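Please work through the following exercises on pockets, cores, cysteines and backbone geometry. Each task is followed by a worked solution.

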Amino acid sequence: MANQEEAEIQISELDLLSSMFPYEEEFAVTDQLALAELKHYVENESAEVPSSKVQFILNVKTEVPNASMVEFSMACALPFKYPAVLPEITVRSSLLSRSQQILLNSDLKTYLMQNFSGEPCMLSAREWVKDHAAAYIDKDLSSSMTASDATQSEVTTFTRLWIYSHHIYNKQKRKNIIDWAKELSLSGFCMPGKPGVVCVEGLQSSCEEFWSRIRRLTWKRILIRHREDVSLEGERHAEIQKQRKFSTLEEKCFDAHGARGNHMDLGQLYHFLEEKGCADIFQMYFGVEGH
């Protein structure tokens, strides 16, 4: 179980990151609820250990030899025992092939294991990525493979994101959700009102692009409540279609009620999720078992 001291170290490291990188395009906590739980725990208001890891994105811009700038995105999660255990970090860039990305992440992990056993290391990890990541773009890991062979053998990841918002009323936002999902070939559903629920599923890169666009809009609160990733091999399109639980992305309203007609019937939402084989998600959203 995470003890108080480790939780305090996490909070102070996150505070340091937010003061060093004040802009959201450099550093952004993607799960505000987990951060609030951690702070609550540290301030002795709660004896209960936080249920989610704090997750955040660190973006690093670095120069490649031909003098152009490349952005690397570090998706980070802090396990409860961090810094006693290593953070979970995945570095991505549109210029990295799958095998280059795997090698880069493996080398970063080795560097952290050798140098930071039991110490806070997020800034050092960021520095390492800034200094070393660009070199992986040119690493030729399979010169005998043609580009099309590489694409054929690449593992594709199918992703499903369950997004929670304090509320979704705005007509333009609701239109964006539907339009962007269509543009990115994502299926799922959006339940407007208070709270707002959005589920998108499809190719991992498309889900991440959708989330990147959505979170840039102005929200009282929005976060990814749950994420599912499935590695697929074989013919990409057919495998992805097989994984989908929804055929398109549509807006779902369940007997709206309340003073502004903005509260949905959550019992009907539960039945809808049950029909789609996703009933367990209800508890993740609302903290109670559906019925």
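The exercises below concern this predicted model.

**Exercise 1. The largest pocket**

Determine how much space lies in the largest pocket, which residues are closest to its centre, and where the pocket lies relative to the two domains.

Solution.

Step 1. The volume of the largest pocket is about 1,900 Å³. Its lining comprises 49 residues, and those closest to the centre are Ala 75, Arg 92, Gln 204, Glu 208 and Arg 227.

Step 2. Next, the lining is assigned to secondary structure. At least two residues each come from the strands β2 (54–63), β3 (69–78), β4 (88–92), β5 (156–165) and β8 (222–232), and likewise from the helices α3 (98–115) and α7 (204–216). Helix α7 gives the largest share, eight residues.

Step 3. Sorted by class, the lining has 17 charged, 18 polar and 14 nonpolar residues.

Step 4. Domain 1 spans 4–138 and domain 2 spans 156–286; because both give residues to the lining, the largest pocket lies between them.

**Exercise 2. The largest cavity**

State how many cavities of 30 Å³ or more a search of the whole structure finds, and describe the lining of the largest cavity by class.

Solution.

Step 1. The search of the whole structure returns one cavity of 30 Å³ or more. The volume of the largest cavity is about 50 Å³.

Step 2. Ten residues line the largest cavity, and Gln 10, Leu 38, Pro 50, Ser 52 and Phe 80 lie nearest its centre. The class division is eight nonpolar, two polar and no charged residues.

Step 3. One of these lining residues, Gln 10, can be examined further. Gln 10 belongs to helix α1. Its relative accessible area is 2%, and since buried means under 20%, Gln 10 is buried. The C-alpha atoms of Gln 10 and Val 54 are 9.0 Å apart in space, with the two positions 44 residues apart in sequence numbering.

**Exercise 3. The largest nonpolar core**

Identify which residues have the most contacts inside the largest nonpolar core and which element supplies its largest share.

Solution.

Step 1. The largest nonpolar core has 39 residues, and the most contacts inside it belong to Phe 56, Met 74, Ile 89, Met 122 and Val 129.

Step 2. The elements that each supply at least two residues of this core are α1 (4–20), β1 (27–29), α2 (32–42), β2, β3, β4, α3 and α4 (122–137). Helix α4 supplies the largest share, eight residues.

Step 3. As general background, nonpolar side chains tend to be buried together in soluble globular proteins.

**Exercise 4. Cysteines**

Explain why Cys 199 does not form a bond with the closest cysteine sulfur, and decide whether Cys 199 is buried or exposed.

Solution.

Step 1. A disulfide is a covalent bond between the sulfur atoms of two cysteines. The structure holds zero disulfides.

Step 2. For Cys 199, the closest cysteine sulfur is in Cys 278 at 6.5 Å, which is too far for a bond; the cut-off for a disulfide is 2.5 Å.

Step 3. Cys 207 is likewise in no disulfide, its nearest cysteine sulfur being that of Cys 199, 8.4 Å away.

Step 4. Cys 199 has a relative accessible area of 0% and is buried. Cys 207 is also buried, at 0%.

**Exercise 5. Accessibility of two residues**

Classify Phe 72 and His 237 as buried or exposed, and place each in its element.

Solution.

Step 1. Phe 72 lies in strand β3. Its relative accessibility is 0%, so Phe 72 counts as buried. The C-alpha atoms of Phe 72 and Ala 134 are separated by 8.7 Å, although the residues are 62 apart along the chain.

Step 2. His 237 is in helix α8 (residues 236–243). With 54% relative accessibility, His 237 counts as exposed, because the class begins over 50%. From His 237 to Thr 156 the C-alpha distance is 9.8 Å, for residues 81 apart in sequence.

**Exercise 6. Backbone geometry**

Locate the residues joined by cis peptide bonds and the loop that holds Ser 185.

Solution.

Step 1. Tyr 82 and Pro 83 are joined by a cis peptide bond with omega about 10°. Pro 83 is in the loop between β3 and β4.

Step 2. Another cis peptide bond joins Lys 194 and Pro 195, with omega about -5°. Pro 195 is in the loop between β6 (187–191) and β7 (196–203).

Step 3. Ser 185 is not a glycine, yet has a positive phi of about 55°. The loop that holds Ser 185 runs between α6 (171–183) and β6.

Methods: Residues numbered from 1 in each chain as written. Predicted model: local features only at pLDDT ≥ 70, side-chain atom pairs only at ≥ 80, totals over all residues. Heavy atoms only, no water. 1 Å grid on protein atoms, 1.4 Å probe; cavity = no way out; pocket = protein on both sides within 12 Å on 5 of 7 lines; lining within 4 Å. Points joined across faces, edges and corners; volume = space filled by probe spheres on them. Helix = DSSP H or I, 4+ residues; strand = E, 2+ residues; numbered from the N terminus. Nonpolar A, V, L, I, M, F, W, Y, C, P; charged D, E, K, R; others polar. Domains from an automatic or database assignment. Buried < 20%, exposed > 50% of the residue type's maximum accessible area, 1.4 Å probe, protein only. Core = buried A, V, L, I, M, F, W, Y, C linked by side-chain atoms within 4.5 Å.
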